[in-house]
Amino acid sequence: MANRSLRGMRIGSRSLETEDGVDFAPRLQAHYDCPNGHTIVLPFSVEADVPVMWECRCGQQALLRDAEIPEAKGGKPPRTHWDMLLERRTVGELQELLDERLDLLRAGKLRRSA
């Protein structure tokens, strides 16, 4: 008998539980507008902090409707290898090391690496 009641049913595709007596958390709909004209509607909990920016499916940053673009965070620019090298040595010291290595290379005391 149990086999007959599940025949034709995709097990795992649908829940057999009902939503009777379930109190859902209060939600709000956040509308985001993309610069390319797309509109994104997302449900959020009333208690959640709704982000001002959301990434659209096209890759652009969509802005929450009736919100202003947030100011860019001022931060330190990323350090490059050259910046870190200059923290350890001066340009004069680097030139001296380069000249030493070039002399050794020209004299055949160093192998060229591929």
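The exercises below work through a predicted model of one protein chain, each with a stepwise solution.

As this is a predicted model, local features need pLDDT of at least 70 and side-chain atom pairs count only at pLDDT 80 or more, while totals for chains, interfaces and linings use all residues. Residues are numbered from 1 along each chain as its sequence is written, and side-chain values use heavy atoms, with hydrogens and water left out.

**Exercise 1. Establish which helices and strands the chain has and in what pattern they follow one another.**

Step 1. Helices (H or I, at least four residues) and strands (E, at least two) are taken as DSSP runs, numbered from the N terminus. On that basis the chain has three helices and four strands.

Step 2. Read along the sequence, these elements give the pattern α-β-β-β-β-α-α.

Step 3. Helix 3 covers residues 91-106, and its expected span, which is 1.5 Å times one less than its number of residues, can be set against the model. The 16 residues should span 22 Å, and this agrees with the end C-alpha atoms, which are 22 Å apart. Just after helix 3, glycine 108 takes a positive phi of about 85°.

**Exercise 2. Determine how strand 4 pairs with strand 1 and with strand 3.**

Step 1. Two strands pair if DSSP finds at least two bridges between them. Strand 1 (residues 27-33) and strand 4 (residues 61-64) are antiparallel partners over two bridges, and tyrosine 32 stands opposite leucine 64.

Step 2. Strand 3 (residues 53-55) is likewise antiparallel to strand 4, over three bridges, with glutamate 55 opposite glutamine 61.

Step 3. Five residues lie between the strands in the hairpin of strand 3 and strand 4, where glycine 59 takes a positive phi near 100°.

**Exercise 3. Describe the surroundings of glutamine 61 in strand 4.**

Step 1. With buried meaning under 20% relative accessible area, exposed over 50% and partly exposed in between (1.4 Å probe, protein chains only), glutamine 61 counts as partly exposed because its relative accessibility is 41%.

Step 2. Taking contact as heavy atoms within 4.5 Å, and not counting residues up to four places away in sequence, glutamine 61 touches Pro35, Met53, Trp54 and Glu55.

Step 3. The C-alpha atoms of glutamine 61 and aspartate 33 are separated by 8.7 Å, although these residues are 28 apart along the chain.

**Exercise 4. Decide whether cysteine 56 and cysteine 58 are buried or partly exposed, and what the disulfide count is.**

Step 1. A disulfide is a pair of cysteine sulfur atoms within 2.5 Å, and the structure holds zero of them. For cysteine 56, the nearest cysteine sulfur is that of cysteine 58, 3.7 Å away, and cysteine 56 is in no disulfide.

Step 2. The closest cysteine sulfur to that of cysteine 58 belongs to cysteine 34, at 3.6 Å, which is too far for a bond.

Step 3. Cysteine 56 has 5% relative accessibility and therefore counts as buried, whereas cysteine 58, at 35%, is partly exposed. Not counting residues up to four places away in sequence, cysteine 56 touches Cys34, His38 and Ile40.

**Exercise 5. List the residues of the largest nonpolar core and find which strand gives the largest share.**

Step 1. A nonpolar core is a set of buried Ala, Val, Leu, Ile, Met, Phe, Trp, Tyr and Cys residues joined through side-chain atoms within 4.5 Å. The largest such core has nine residues: Ala30, Tyr32, Cys34, Ile40, Leu42, Phe44, Cys56, Ala62 and Leu64.

Step 2. Strand 1, strand 2 (39-45) and strand 4 are the elements that give two or more residues to this core, and the largest share, three residues, comes from strand 2.

**Exercise 6. Classify the aromatic pairs of the structure.**

Step 1. Rings of Phe, Tyr and Trp (its six-membered ring) pair if their centres lie within 6.5 Å, and planes under 30 degrees apart count as stacked, over 60 as edge-to-face and the rest as tilted. The structure holds two aromatic pairs.

Step 2. Tyrosine 32 and tryptophan 54 form a tilted pair, 6.0 Å centre to centre with 35° between the planes. Tyrosine 32 lies in strand 1 and tryptophan 54 in strand 3, so this pair ties together parts that are 22 residues apart in sequence. Tyrosine 32 is buried at 0% relative accessibility, while tryptophan 54 is partly exposed at 33%.

Step 3. Phenylalanine 44 and tryptophan 54 form an edge-to-face pair, 6.0 Å centre to centre with 80° between the planes. This pair links strand 2 and strand 3 through residues 10 apart, and phenylalanine 44 is buried, with a relative accessible area of 14%.

Step 4. Ring pairs thus link Tyr32, Phe44 and Trp54 into a cluster.
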